[in-house]
Structure formats: structure tokens, C-alpha cells
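Q: I should like to learn how to read helix packing, burial and backbone angles from a set of coordinates. May we work through one example together?

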Amino acid sequence: MADVEIRPGSADDVGAAYAVLAACDGGTWFEVGLEELRALWASYGGIWVVEEETIVAYGALRGGDIEVYVLPAARRRGIGSRLLREVEAATDERRAEVMARRDEAAAAPFLRAHGYVWSHEVWLMQTEFEGAPPEPTWPDGITVRSFHREDARAVKDLLDLAYSAEPNFRPPSFEEWSRFMLGDGSFDSTCWFVAEAPGGSL
């Protein structure tokens, strides 16, 4: 086991943690930048960093969702195992979930060795446009507009309903959802769209 210090993370650790995340190819946060990580940092329920001469790993907790990232050069020394146990001990959920990329060869064996089993897949999908996409057509009576801040609770309720049949879905509190979704440095209300029924409901 590595003789390292595991301590609670603070806002001062974001830069060093970002260097760990970048060395892990962004982990499961595709194309995340430093400011995006800074916004995520505030939404975590707990953060721990592993320090030698510098930070070589960090773990984070949001409900029962766990993240653990270790610099590739610092792996296979027990650091990830100690950090995972530290984060697991802090959750009050009955089930913990960790997301891992398929192209991260070490992730699945590491998690299986710690009692995790495959649950489900999430796909990141993209397309390329040849020119401008066609104009959308909407059902009669439906109007589409940009998101307004006063729509937040209704949008959160719609998302909770949409995800309610997903395995192990745990709806976050409105405050947690707002910090994560609206507090992100990349948030732009003009890129969020809502469909409104004739009576004004979303």
C-alpha cells in the first residue's frame, strides 16, 4: 500500500485535480475544462485528494455516485483502493455507482476486484451535419422557446419524470440539481429549449 495522505479537498485543489483528470483523458467528463470542473466541484457532496509531493489522485461523491481518478504513473500502488474506500465510507446510500469508460482498460477489473458489478451502459452519441439541418416542425399548438430561469422547477420535474424508470434513479434535490445544471460555467440559457403546450405547461 502506498504511504500517502488522503485529506478532504478544497477549492484550492481544483487546478491540481484538473491535472489528474486531464491525465485520465477527462475521465467520464468528456471535453471538460478547468472552469467546468470548478463548477462541478461545488456540486459534490464530498471530495478527497491524495497527496504526495503533489496531488496524484482525487475522489468525489454525489449521493451514491462515486468518482475516483488516479494519475496513470501513480497506479498499481493501492492508492485507488484506499481512495475508493474513503469515498464509499462517506455515502449514506445503500448502493454506490461508479461510471467507467470502456476504453479505460484498467477500470472494469479494478471495480470488479472491489465488488462492483456491471449495471448498464451509457452511450455518448454524435453526428456530423452536411450543411444546415432542416427546420423543425412541431405538433399543432406546441411552441418552442429558450429556457427562462423561472422554468427551472418545471424542467427539473419533467426530467425526474423522464428518468423515473431508469435503473437506480435517485432524483436530486432542486438545490443540488440547480447547482449542477445552472451553476456550471458553460450554462447558456439560449441553448436550452422548452416545448410549451397551449395552456403554458411545459
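Q: Which elements do the buried residues of H1 pack against?
A: In this predicted model, the buried residues of H1 are packed against H2, S3 and S4. The residues concerned are Val14, Ala17, Val20 and Leu21. Viewed down the axis of H1, these buried residues fall within an arc of 115 degrees, so they line one face of the helix.

Q: How is the packing of two helices described?
A: Two quantities serve in general: the angle between the axes of the packed helices and the distance between those axes. Here, helix H1 (residues 14-23) packs with helix H2 (residues 34-43) at an angle of about 115 degrees, and their axes are 10 Å apart. H1 and H2 are therefore roughly perpendicular to each other. The crossing of these two helices, H1 and H2, is right-handed.

Q: Which residues of H1 and H2 meet?
A: On the H1 side they are Val14, Gly15, Ala17, Tyr18 and Leu21, and on the H2 side Leu34, Leu37, Arg38 and Trp41. Sorted by class, the contact of H1 with H2 has 7 nonpolar, 1 polar and 1 charged residues.

Q: What covers the buried residues of H2?
A: One begins by listing the residues and then asks what covers them. In H2 the buried residues are Leu37, Ala39, Leu40, Trp41 and Ser43. Their cover includes H1, strand S2 (46-51), strand S3 (55-62) and H6. Of the buried residues of H2, Leu37 and Trp41 also belong to the set that meets H1.

Q: Where do the buried residues of H6 lie around its axis?
A: The same reading applies as for the preceding helices. Helix H6 (residues 174-182) has Trp177, Ser178 and Leu182 as its buried residues. They cover an arc of only 100 degrees around the axis, which puts them on the same side of H6. The buried residues of H6 pack against helix H5 (152-163).

Q: How should a single residue in a helix be read, for instance Val87 in helix H3?
A: One takes its accessibility and then its contacts beyond the local sequence. Val87 has a relative accessible area of 0% and is buried, the cut-off for that term being under 20%. With neighbours within four places in sequence left aside, Val87 is in contact with Trp48, Gly59, Ala60, Leu61 and Ile66. For a distance along the chain set beside one in space, consider Val87 and Phe174: these residues are 87 apart along the chain, and their C-alpha atoms are separated by 23 Å.

Q: Is Ser81 buried or exposed?
A: Ser81 lies in helix H3 (residues 79-90). With a relative accessible area of 14%, Ser81 is buried. Apart from neighbours within four places in sequence, Ser81 is in contact with Phe110 and His114.

Q: What is the sign of phi in most residues other than glycine?
A: For most such residues phi is negative. Two residues may be examined against that background. Asp25, which is not a glycine, has a positive phi of about 55 degrees. Asp25 comes just after H1, in the loop between H1 and H2. With 60% relative accessibility, Asp25 counts as exposed.
A: The other case is Arg76, also a residue other than glycine, whose phi is positive and near 65 degrees. Arg76 is found in the loop between strand S4 (65-70) and H3. Its relative accessible area is 86%, and Arg76 is exposed.

Q: How many helices and strands does the chain have?
A: The secondary structure comes to 6 helices and 7 strands. Read from the N terminus, the elements of the chain run β-α-α-β-β-β-α-β-α-β-α-α-β.

Q: What dimensions does the C-alpha trace span, and what share of the chain counts as buried?
A: Along its principal axes the C-alpha trace spans about 65 × 40 × 35 Å. The chain has 202 residues, of which 32% count as buried.

Q: Which share of the contacts between residues at least 6 apart in sequence joins residues at least 24 apart?
A: In this chain that share is 63%.

Key: Residues are numbered from 1 along each chain as its sequence is written. This is a predicted model: local features need pLDDT of at least 70, side-chain atom pairs count only at pLDDT 80 or more; totals for chains, interfaces and linings use all residues. Side-chain values use heavy atoms; hydrogens and water are left out. Buried means under 20% relative accessible area, exposed over 50%, partly exposed in between (1.4 Å probe, protein chains only). Helices (H or I, at least four residues) and strands (E, at least two) are DSSP runs, numbered from the N terminus. The arc is that of the directions from the helix axis to the C-beta atoms. Contact means heavy atoms within 4.5 Å. Axes are lines fitted to C-alpha atoms, for helices over the stretch in contact, and angles run from 0 to 180 degrees between N-to-C directions. Angles under 35 degrees count as roughly parallel, over 145 as roughly antiparallel, 65 to 115 as roughly perpendicular and the rest as oblique. A crossing is left-handed if the near helix is turned anticlockwise from the far one by less than a right angle, and right-handed if clockwise. Ala, Val, Leu, Ile, Met, Phe, Trp, Tyr, Cys and Pro count as nonpolar, Asp, Glu, Lys and Arg as charged, and the others, Gly among them, as polar.
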